[in-house]
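Thank you all for coming; please have the viewer open while I talk. I will go through the model one part at a time, and I will try to keep to what was computed from it.

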Amino acid sequence: MSSGLGALAASPRAWVAIAVIGVITYGIRLSFIHLFGRIDGVPTRLQRPLRYVPPAVLAALVLPDLVTLGPSVTATFLDERLIAGAVAGAVAWRTENVFATIATGMGTLWVFRFVVFA
Amino acid sequence: MGGGVFDEDLLAGVRDVSPLMLGVAPFALVAGIAAVDAGLGLAEAVGMSVIVFAGASQLAALELLGENAPLAVVVGTAAVINLRMLMYSASIAPHFADYGRRLRAGLAYLLTDQAYALSVAEFDENPDRSRWRYYLGAAASLWIVWQIGTVVGVVLGAGVPDAWGLTFAVPLVFLALLVPAMKDRPTTVAGVAGGAVAVVAAGLPLNLGLLVGALCGVAAGLVTEVRVS
């Protein structure tokens, strides 16, 4: 896409995504609230895999943003994002607090980016 | 029970949800910042927060939109993330069964992790509560904070230099949700497998790494569950 067209095309693309995701998400929310009386609950066959959706999806979202497989082990691990993620993960585990997790993660990232590795 | 909508039950919902705002407000800020980062304007960012109103899926969709992933992958990934709300819908449905279709349709729109968890706990503990009023108090408060946070995030995101890496707050939010989600052996295995596969699959075409990682994680969790029991 040429740069001029890119800016123009970004908006309809985003709106289409927003609309379709919105309709699907509302359908999921409404499903059993609407059907109740006709269906008694989530079938067990669906219930079992659904239990693993949150940890699997969340981890698949988090890790690629913290780890990029580098040319060497050292290059992979000496990354400010991974270090900040490890510190924030420990805080999340101890406090289960979203705000504390974000604050320590960002703080650690800045210390390593602007001081230690600068 | 008093007459208007602003009665004791509604206010109890507002009151009980307020401590959770400490986690929701920064999450909403990040949704606004991530929208700017993905090249979206204020209208699209707020449109997404109003129409989708589901943080984790919004952040994932924004990341993929920013990387120019195919629309089917953007939509499919967001849908998988929001599938968990099927459980909430089923679990809260009996509490809303006596209400009319319109009211139920409205209440469904506001269903979120926090509103669900808070309301179901309260309905069990305090059966005399007006269910819809309590739920509305909690869920509508979350909605308002979510929209305000998104707007503030868009303004912030446009003003802070890229070097600060504000979008790093996105994986941090997910991390804060991930850790409590890994509560036993099978869920932990699901998380570890999902994350590891997603890292290795990061180079897959069409940005399919996230979906492939998530599906492998779910499969690993199921296998572990069978072996443990």
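What follows is a walk through one chain, then the contact between the two chains, and then some details of the other chain. Please keep in mind throughout that this is a predicted model.

Let me begin with chain A, whose secondary structure comes to six helices and zero strands, so that, read from the N terminus on, its elements simply run α-α-α-α-α-α. Chain A has 118 residues, of which 34% count as buried. If we take the contacts in chain A with a separation of 6 or more, residues 24 or more positions apart account for 30% of them.

Now to the contact between the chains, to which chain B brings 76 residues and chain A brings 61 residues. On the side of chain B that touches chain A, the element that gives the most is helix α10 of chain B, residues 169–181, with 13 residues. By class, that side of chain B divides into 58 nonpolar, 15 polar and three charged residues.

One helix pair across the two chains deserves a longer look, namely helix α3 of chain A, residues 53–66, and helix α12 of chain B, residues 209–228, which pack with their axes 8 Å apart and at an angle of about 140 degrees. That angle makes α3(A) oblique to α12(B), and the crossing of these two helices is right-handed. Which residues meet here? From α3(A) they are V53(A), P55(A), A56(A), V57(A), A59(A), A60(A), L61(A) and P64(A), and from α12(B) they are G209(B), L210(B), G213(B), A214(B), G217(B), V218(B) and G221(B). Sorted by class, the contact of α3(A) with α12(B) has eleven nonpolar residues, four polar ones and no charged ones.

Turning to chain B itself, we find it divided into domain 1, residues 8–176, and domain 2, residues 182–229. The centres of domain 1 and domain 2 of chain B, taken over C-alpha atoms, are separated by 24 Å, and the contact takes nine residues from domain 1 and six residues from domain 2 of chain B. On the side of domain 1 that touches domain 2 in chain B, α4 (55–66) and α5 (71–82) each supply at least two residues, with α5(B) giving the most, at four residues. The residues of that side of domain 1 of chain B divide into six nonpolar, two polar and one charged.

A second helix pair lies in chain B, where the axes of helix α3, residues 42–51, and helix α9, residues 131–159, come within 10 Å and cross at roughly 155 degrees. α3(B) and α9(B) are therefore roughly antiparallel to each other, and their crossing is right-handed. The contact is made by L42(B), A45(B), V46(B), S49(B) and V50(B) of α3(B) together with W146(B), Q147(B), T150(B), V151(B) and V154(B) of α9(B), and by class these are seven nonpolar, three polar and no charged residues.

I will finish with a single residue, Y99(B), which is found in the loop between α6 (85–96) and α7 (101–109) of chain B. Y99(B) is partly exposed, because 15 other C-beta atoms lie within 10 Å. Leaving aside residues up to four places away in sequence, Y99(B) touches R104(B) and W132(B). The C-alpha atoms of Y99(B) and R84(B), 15 residues apart along the chain, are separated by 24 Å.

Definitions and conventions
Residues are numbered from 1 along each chain as its sequence is written. Chains are lettered from A and ligands numbered from 1 in the order in which they are written. This is a predicted model: local features need pLDDT of at least 70, side-chain atom pairs count only at pLDDT 80 or more; totals for chains, interfaces and linings use all residues. Axes are lines fitted to C-alpha atoms, for helices over the stretch in contact, and angles run from 0 to 180 degrees between N-to-C directions. Angles under 35 degrees count as roughly parallel, over 145 as roughly antiparallel, 65 to 115 as roughly perpendicular and the rest as oblique. A crossing is left-handed if the near helix is turned anticlockwise from the far one by less than a right angle, and right-handed if clockwise. Two residues are in contact if their C-beta atoms, placed from the backbone, lie within 7 Å. Ala, Val, Leu, Ile, Met, Phe, Trp, Tyr, Cys and Pro count as nonpolar, Asp, Glu, Lys and Arg as charged, and the others, Gly among them, as polar. A residue is buried if 20 or more other C-beta atoms lie within 10 Å of its own, exposed if 12 or fewer, and partly exposed in between; C-beta atoms are placed from the backbone. Domain bounds come from an automatic or database domain assignment.
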